[in-house]
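Hi there,

I am passing this structure on to you, and I hope you enjoy looking through it. Please open it first, and then read my notes underneath.

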Amino acid sequence: MNKKKLLEFRADFLLLTVAIAWGVTFLMVQDAIATVPVYAFLFWRFLIATILMAIIAYKFYNEFCKRSVIYGIILGVFLFSGFATQTFGLAYTKSSIIAFLTGLNVIIVPFIAYVIFKQHVRKMVFVGSLLAVIGLYLLTMSGTLTLGVGEILGIICAAFFALQIAFTDLYSKRVNVFMLVLFQFITVTVLSLIFSLSLDDVTFNLDFDYIFLKAVIVTSIFATVYAFLIQTYMQQFTTPTKTAIIFAMEPVSAGIYGYFVGNEILTSIQVSGAVLIIFAVLLAEIKLKRS
């Protein structure tokens, strides 16, 4: 295995740990937002993450530049917009449908890479993307898929997350990764605060109980600082299309964690969907001579 392939494999593996971190913390977030407004939770989550990231990035302040701020703001807008449209979509349709539609970023990313950035996308990656979408449908869907307001918001949400992945690939190679992540976090924090003050009943005077504190601390450290720092850094060594397929493992890890820890039930159809997603991830690693 040559050095380039080894770096790509390491990047893919670490991106897989990001998907697992998001999946494992999903149940914690679900429990927390049962009593805490969504945007207030996002504000506190990204505020803590911003503070931690500012400490981590301290020795890279000399690499601060105008581009890192602009790129960070753009990524932050994409990321927050994904969260916002996802949240509003939940008000109009079932969470299982939103979960599936959000996962459609796995098929949107290859088209962004090919159409906008003119990147070569291997055949196996396209096949893997399609299989991941089918797997997501089997794993997450528990309702009838129509095209209402909620579904449209879910598709828009997928597009924003796809843009965040695609542009992270572009920007991470142009500026310091630590500064890029820091300004992305600052942007999400500010936007979350604005939305929370506008739409939530409470933002600061929360009930800081054990469920909320555990969720906000764990997600800040592992599902935010670790996750987005790894994503931003490691996308320099792999492709955005493979990243999207690997991130489709998030609902798989959430389902497995929910089964063993949350006493949730996994049907045979859901298990089949999870297996299909795992197969899609493995398929994306295969390189044919003419693909």
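**Helix pairs**

Helices α8 and α9 are oblique to each other, because their angle falls in none of the other classes (angles under 35 degrees count as roughly parallel, over 145 as roughly antiparallel, 65 to 115 as roughly perpendicular and the rest as oblique). Their axes cross at roughly 130 degrees and come within 10 Å, with α8 covering residues 177-199 and α9 covering residues 210-234. Here an axis is a line fitted to C-alpha atoms, for helices over the stretch in contact, and angles between N-to-C directions run from 0 to 180 degrees. Helices are DSSP runs of H or I with at least four residues, numbered from the N terminus. The α8 and α9 crossing is right-handed, meaning that the near helix is turned clockwise from the far one by less than a right angle; an anticlockwise turn would be left-handed.

On the α8 side, the residues that make the contact are V177, F178, L180, V181, Q184 and F185, and on the α9 side they are T224, V225, F228, L229, T232 and Y233. Contact means heavy atoms within 4.5 Å. Sorted by class, this contact of α8 with α9 holds nine nonpolar residues, three polar ones and no charged ones (Ala, Val, Leu, Ile, Met, Phe, Trp, Tyr, Cys and Pro are nonpolar, Asp, Glu, Lys and Arg are charged, and the others, Gly among them, are polar).

Before going further, please keep in mind that this is a predicted model, where local features need pLDDT of at least 70 and side-chain atom pairs count only at pLDDT 80 or more, while totals for chains, interfaces and linings use all residues. Residues are numbered from 1 along each chain as its sequence is written, and side-chain values use heavy atoms, with hydrogens and water left out.

Next come α5 (residues 105-115) and α6, which pack at about 160 degrees with axes 8 Å apart. That angle makes α5 roughly antiparallel to α6, and their crossing is left-handed. V106, I107, P110 and F111 of α5 meet F126, S129, L130, A132, V133 and L136 of α6. This contact of α5 with α6 has nine nonpolar residues, one polar and no charged.

One of the residues in that contact, S129, sits in helix α6, which spans residues 123-140. S129 counts as buried because its relative accessibility is 0% (buried is under 20% relative accessible area, exposed over 50% and partly exposed in between, with a 1.4 Å probe and protein chains only). Beyond its neighbours within four places in sequence, S129 touches V106, I107, P110 and I245.

I245 turns up again in the pairing of α10 with α11, where I245, I246 and F247 of α10 meet M249, E250 and P251 of α11. Helix α10 (residues 240-247) and helix α11 (residues 249-260) have axes 5 Å apart at an angle of about 20 degrees. The two are therefore roughly parallel. Five nonpolar residues, one charged and no polar make up this contact of α10 with α11.

**Nonpolar cores**

Which residues touch the most other members of the largest nonpolar core? They are F46, M53 and F185, in a core of 69 residues. A nonpolar core is a set of buried Ala, Val, Leu, Ile, Met, Phe, Trp, Tyr and Cys residues joined through side-chain atoms within 4.5 Å. Helix α8 gives the most to this core, with eight residues. Setting aside residues up to four places away in sequence, F46 touches L79, F83, F185, V188, T189, T224 and F228. Another core lies apart from the largest one and has twelve residues, including F43, W44, L206 and V216.

**Single residues to look at**

- D207 is in the loop between α8 and α9. With 59% relative accessibility, D207 counts as exposed. Its C-alpha atom is 8.1 Å from that of V36, although the two are 171 residues apart along the chain.
- S272 is in helix α12 (residues 268-284) and is partly exposed, at 42% relative accessible area. The C-alpha atoms of S272 and L139 are 7.5 Å apart, with their places 133 residues apart along the chain.
- I98 belongs to helix α4 (residues 95-102) and is buried, at 2% relative accessible area. Apart from neighbours within four places in sequence, I98 is in contact with Q86, G89, L90, T93, G150 and G154.

Best wishes
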